[in-house]
Amino acid sequence: MIAAPASRSGAEVAVRRPVNRPRVVRHLLLTPTAAWTLVFFVAPLALITVFSFGTENLVTFGINFGWTASNYGAFGSSLYLGTLLRSVALSAGTTLGCALLGFPLAYFITRQRPNVQRILLAGVIVPFWTSFLVRTYSWVNLLQNGGPVDNLAHGLTGHHLEVLYTPTSIAIGIVYSYLPLMVLPIYVALERVNPDLYDAAADLGARPWRQFRRVVLPLARPGLIAGIIIVGVPAMGEYVIPEILGGGKTLMIGNIIVNEYLDVGNYPFGSALAVSLMAVLMVVLFALRRVQPALEAR
Amino acid sequence: MSFRRHPVAGTMALVVIGYLWIPILAVAVNSLNKSSLMARWGGATAHWYSLAFHDANVRTGLVTTLEIALGSTALSLVIAVSGSLWWRRAPARARAIYDALVYARIVLPEVVFATALFFLFLKAHFPLGIVAIIIGHSVWNSAYAAVIIQARLIGLDPAIEEAAADLGATPWRVFRRVTLAALLPAIIASGLLTFTFSFDDVVTSYFLGGSSSSPLPIVLFGMIRFRITPEINSIGVMVMLFTVTLMCAAVAVFALVGSTGRGRRGAFAEFYGR
């Protein structure tokens with residue numbers, strides 16, 4: 001892979017100026033990833049951005065360029081706007097849920113002996129490896145009326161849960177699926193902390209809540225922000241979980257995009273929705289980057 | 001176990017781990033459940049497993065999935081290994097662009113990416129099917145693989161390669177015997193990881209498969225949406241056992257050889273924490 005082109009084009013040159021050869025090699029190494037990323041990642045995203053400003057001709061099914069913003073105008077209708085807002089709310093809520101459940105877990109794991117840590121980490125990670133689809137589907141069985149969770153709730157409160165196929169069941173499914181992605185970066189951040197710091201804070205008279213706020217939380221911040229990004233950003237475009245646990249009723253923006261593309265075939269409008277989602281996410285990412293400039297330095 | 005010192009965090013930790021495992025246990029129990037409503041236990045049966053074994057859609061789906069996973073893993077590794085080797089010596093600004101694109105491929109919602117690639121293939125008259133899915137998977141899989149391989153590269157001291165060169169090894173030999181040898185655990189681990197991701201994927205395959213090729217997750221997705229049957233649970237148990245075995249192999253490879261000098265535990269966390 002490396003030797004062939006160098007000996008073909010650079011044999012003479014290489015003898016005179018050995019510096020030249022690594023440059024050939026360097027370009028060769030860059031080619032696959034650059035070509036792949038440009039052609040199959042950057043170009044398609046640019047393409048839908050351009051087409052999101054086009055219109056579809058209903059007679060010929062051709063797409064005209066007119067640099068119209070009408071696709072974004074239709075987006076302002078209450079149905080789509082409501083769905084986008086619901087997606088943002090579900091993403092924000094489930095990210096918060098992941099942080100509230102994941103933080104104590106990650107902290108607790110770092111305070112254990114290495115062997116126990118390994119077992120607890122496996123407890124978090126192994127479910128993450130197993131079929132995402134089947135695990136999500138399993139919640140349908142668990143949450144349905146007459147299912148185990150409903151029976152438990154009925155026994156305790158006398159009321160049925162009626163939670164399946166609502167935004168709540170979507171949220172349960174999202175938190176469930178993304179939780180390990182929150183726990184792991186927080187764990188990585190806290191694992192580097194010298195436990196003496198906690199003792200020092202206690203010795204200096206900090207109460208547990210103050211210890212948490214002034215010592216644990218600042219130290220965990222890079223991990224927490226990484227977790228917020230890898231949970232919150234993909235969760236906003238979630239498609240499979242609302243499809244299974246939303247029962248087709250309470251849809252998220254991802255479902256509408258898929259619907260516009262694969263069922264309706266209105267590509268300009270579908271593209272406008274996808275580009276809007278991307279735009280919202282970029283704003284969120286830039287905001288988070290201001291909060292944590294050191295994020296990229298990890 | 002310092003459970004008594006952290007009663008609140010400890011209780012929460014155990015509850016959360018329970019939350020993560022209960023659906024998996026439910027799948028396993030229901031795969032043997034005679035009651036097809038799956039709300040309560042109706043006695044044990046192996047019926048759903050034999051149904052899954054004899055389901056033609058499941059069989060062809062499995063073969064398609066394996067082809068896609070193998071193809072996209074191979075492609076991803078070529079892209080990630082060559083890219084990471086370039087990245088190691090690249091100027092800072094080029095590196096930052098490369099890093100941003102790796103990061104974007106991991107974080108961008110799959111729906112947006114799959115839509116865009118579907119549209120590109122449509123406009124370019126590129127046929128949808130297995131090849132299209134392999135290309136799609138390799139775009140995000142190569143980013144995951146790159147992250148793992150780069151973590152390993154950071155820990156590789158260039159002095160070792162310089163020493164090999166000083167001792168008379170040709171550049172190709174240095175690459176093969178030092179660089180590639182050092183990267184091998186990361187390559188194997190990321191290969192197993194990307195294989196698993198590809199094996200489990202729904203969204204990209206759903207868009208790029210067209211009407212001709214349905215990998216196993218798409219078959220399952222169709223079953224879940226249109227005809228709920230406990231067969232899903234038995235297929236699920238088998239798929240889970242398969243992917244868990246693969247991932248355990250990945251961790252074993254990574255943990256045994258160690259990674260970036262922060263010990264096994266560091267390697268373990270780093271492997272997932274990025």
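Hi everyone, this is a short talk about the two chains, A and B, in the structure above.

A word on ground rules: this is a predicted model, where local features need pLDDT of at least 70 and side-chain atom pairs count only at pLDDT 80 or more, while totals for chains, interfaces and linings use all residues. Residues are numbered from 1 along each chain as its sequence is written, and chains are lettered from A and ligands numbered from 1 in the order in which they are written.

Let's start with chain A. It has 14 helices and two strands; helices (H or I, at least four residues) and strands (E, at least two) are DSSP runs, numbered from the N terminus. Of its 298 residues, 41% count as buried, meaning that 20 or more other C-beta atoms, placed from the backbone, lie within 10 Å of the residue's own.

Now chain B. Here we find twelve helices and zero strands, so please don't go hunting for a strand! Of the 274 residues in chain B, 47% are buried.

What about contacts, that is, pairs of residues whose C-beta atoms, placed from the backbone, lie within 7 Å? Looking at contacts with a separation of 6 or more, residues 24 or more positions apart make up 67% in chain A and 75% in chain B.

Finally, how do the chains meet? On chain A, 76 residues are in contact with 67 residues of chain B. The most comes from helix 3 of chain A (residues 20-51), with 15 residues on that side. By type, the side of chain A that touches chain B has 54 nonpolar, 16 polar and six charged residues. Nonpolar here covers Ala, Val, Leu, Ile, Met, Phe, Trp, Tyr, Cys and Pro; charged covers Asp, Glu, Lys and Arg; and the others, Gly among them, are polar.

Key:
Buried ≥ 20, exposed ≤ 12 C-beta atoms within 10 Å, placed from the backbone.
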